[in-house]
Every structure is written in C-alpha cells, then in structure tokens.
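Open the structure in your viewer and keep the selection panel handy. We will go from one stop to the next, choosing something to select each time.

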Amino acid sequence: MSSYFIDDVDFRILQLLIEDSTISHKDIGQQVHMTGQAVGARIRKMQDTGVIEGYTVRWNPDKVGETIHAFITVFLGSNTVHPTFQTFAKQHDSVKEIHRVSGEGCYWIRVRTGSQEELNSFLDELLKFGNYRVNLSMGKLK
C-alpha cells in the first residue's frame with residue numbers, strides 16, 4: 001500500500017468515525033458540508049489505501065464477567081520459545097493485546113479474566129515459556 005495524504009476534510013471524517021463508527025455518511029456530510037455520497041467516496045478511498053483498517057465496538061468487559069484486568073511483562077526462558085509463546089498468546093482467549101517490547105522483558109500482554117483463579121491458571125501456563133511480572137489494573141482513567 002502506498003502512502004495517502006489526507007486533507008483536513010478527510011481528517012475530520014476520520015475523527016467523526018473514530019468517535020462513532022456507526023454514524024451515517026449523510027450525518028457526516030452535514031458536519032463537513034458534503035453530500036453523503038461524496039463522504040462515502042472519501043471513506044472508501046481511506047479504506048482502500050489502508051488509512052482505515054476496520055471498524056470496532058467499544059464494550060464494557062466488566063458487564064460480561066471479565067473483571068480482572070492484568071498487564072503482564074513476560075521474560076522468556078530461552079530464544080527458542082518465541083514462536084511457541086507467540087502462538088500460545090495469539091490463540092488464548094484471555095489475551096487481548098500482545099506486544100514485543102524492548103527494554104525490560106520480551107513481551108507485554110494485556111489479559112482479561114473472569115476471576116483470580118482464571119488469572120492464576122493463565123499464569124501457570126505462562127511458566128512453561130519463562131517468567132513474568134504482573135500488574136493489576138486498579139481502574140481505567142481514559
């Protein structure tokens with residue numbers, strides 16, 4: 001994909017979609033002084049060039065029972081376990097994000113579970129790859 005320069009109108013459209021991805025092209029058009037059809041064409045162009053990669057939903061994990069929110073730094077035991085660890089983390093439902101990091105540790109993962117017992121079980125599974133450090137979220141600020 002090539003680079004795509006977005007102008008001020010594209011940027012405003014993008015901001016409106018980030019705030020509410022369900023907003024109609026017509027409603028966006030009213031705010032940026034364009035027709036809904038013209039807005040749709042700009043959105044398709046941003047999708048085609050990779051500026052817009054997809055759409056998502058904001059949700060409340062606590063409402064569905066995922067009340068434990070942990071940030072885990074993983075210290076792998078050897079260089080040979082990277083592929084198997086990555087596969088494990090990508091396939092585990094509790095892992096919401098995984099980042100390979102520089103500095104302290106090898107990976108940073110964000111995990112959500114429904115109970116302390118589930119978190120402990122996950123941490124036990126992590127031990128086959130190396131060691132870890134856990135920080136629990138005390139509350140989301142932003």
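Two strands count as paired here if DSSP finds at least two bridges between them. Keep in mind as you go that this is a predicted model.

**Stop 1: a strand pair.** Select residues 68-76, strand S1, and residues 107-113, strand S3. They pair in the antiparallel sense over 7 bridges. Now show His69 and look across to S3, where Arg112 stands opposite.

**Stop 2: the whole sheet.** Add the remaining strands, and you have an open sheet of 4 strands in the order S2-S3-S1-S4, with antiparallel pairing. Which strands stand at the edges? Select 95-100 for S2 and 130-136 for S4: each has a single partner strand, so one side of each is left without a neighbour in the sheet. Turn the view to follow the twist, which averages 20° from one strand to the next.

**Stop 3: helices across the sheet.** Select residues 82-91 to see helix H4, which lies across S1, S2 and S3 and runs at about 150° to S2. Next take residues 116-126, helix H5, lying across S1, S2, S3 and S4 and running at about 10° to S1.

**Stop 4: two crossing helices.** Finish with H2 (residues 25-32) and H3 (residues 36-48), whose axes come within 8 Å and cross at roughly 100°. The two helices are therefore roughly perpendicular to each other. Show side chains where they meet: His25, Lys26, Ile28, Gly29 and Val32 from H2, against Gly36, Val39, Gly40 and Ile43 from H3. Coloured by type, the residues of this contact divide into 4 nonpolar, 4 polar and 1 charged.

Notes
Residues are numbered from 1 along each chain as its sequence is written. This is a predicted model: local features need pLDDT of at least 70, side-chain atom pairs count only at pLDDT 80 or more; totals for chains, interfaces and linings use all residues. Side-chain values use heavy atoms; hydrogens and water are left out. Axes are lines fitted to C-alpha atoms, for helices over the stretch in contact, and angles run from 0 to 180 degrees between N-to-C directions. Angles under 35 degrees count as roughly parallel, over 145 as roughly antiparallel, 65 to 115 as roughly perpendicular and the rest as oblique. Contact means heavy atoms within 4.5 Å. Ala, Val, Leu, Ile, Met, Phe, Trp, Tyr, Cys and Pro count as nonpolar, Asp, Glu, Lys and Arg as charged, and the others, Gly among them, as polar.
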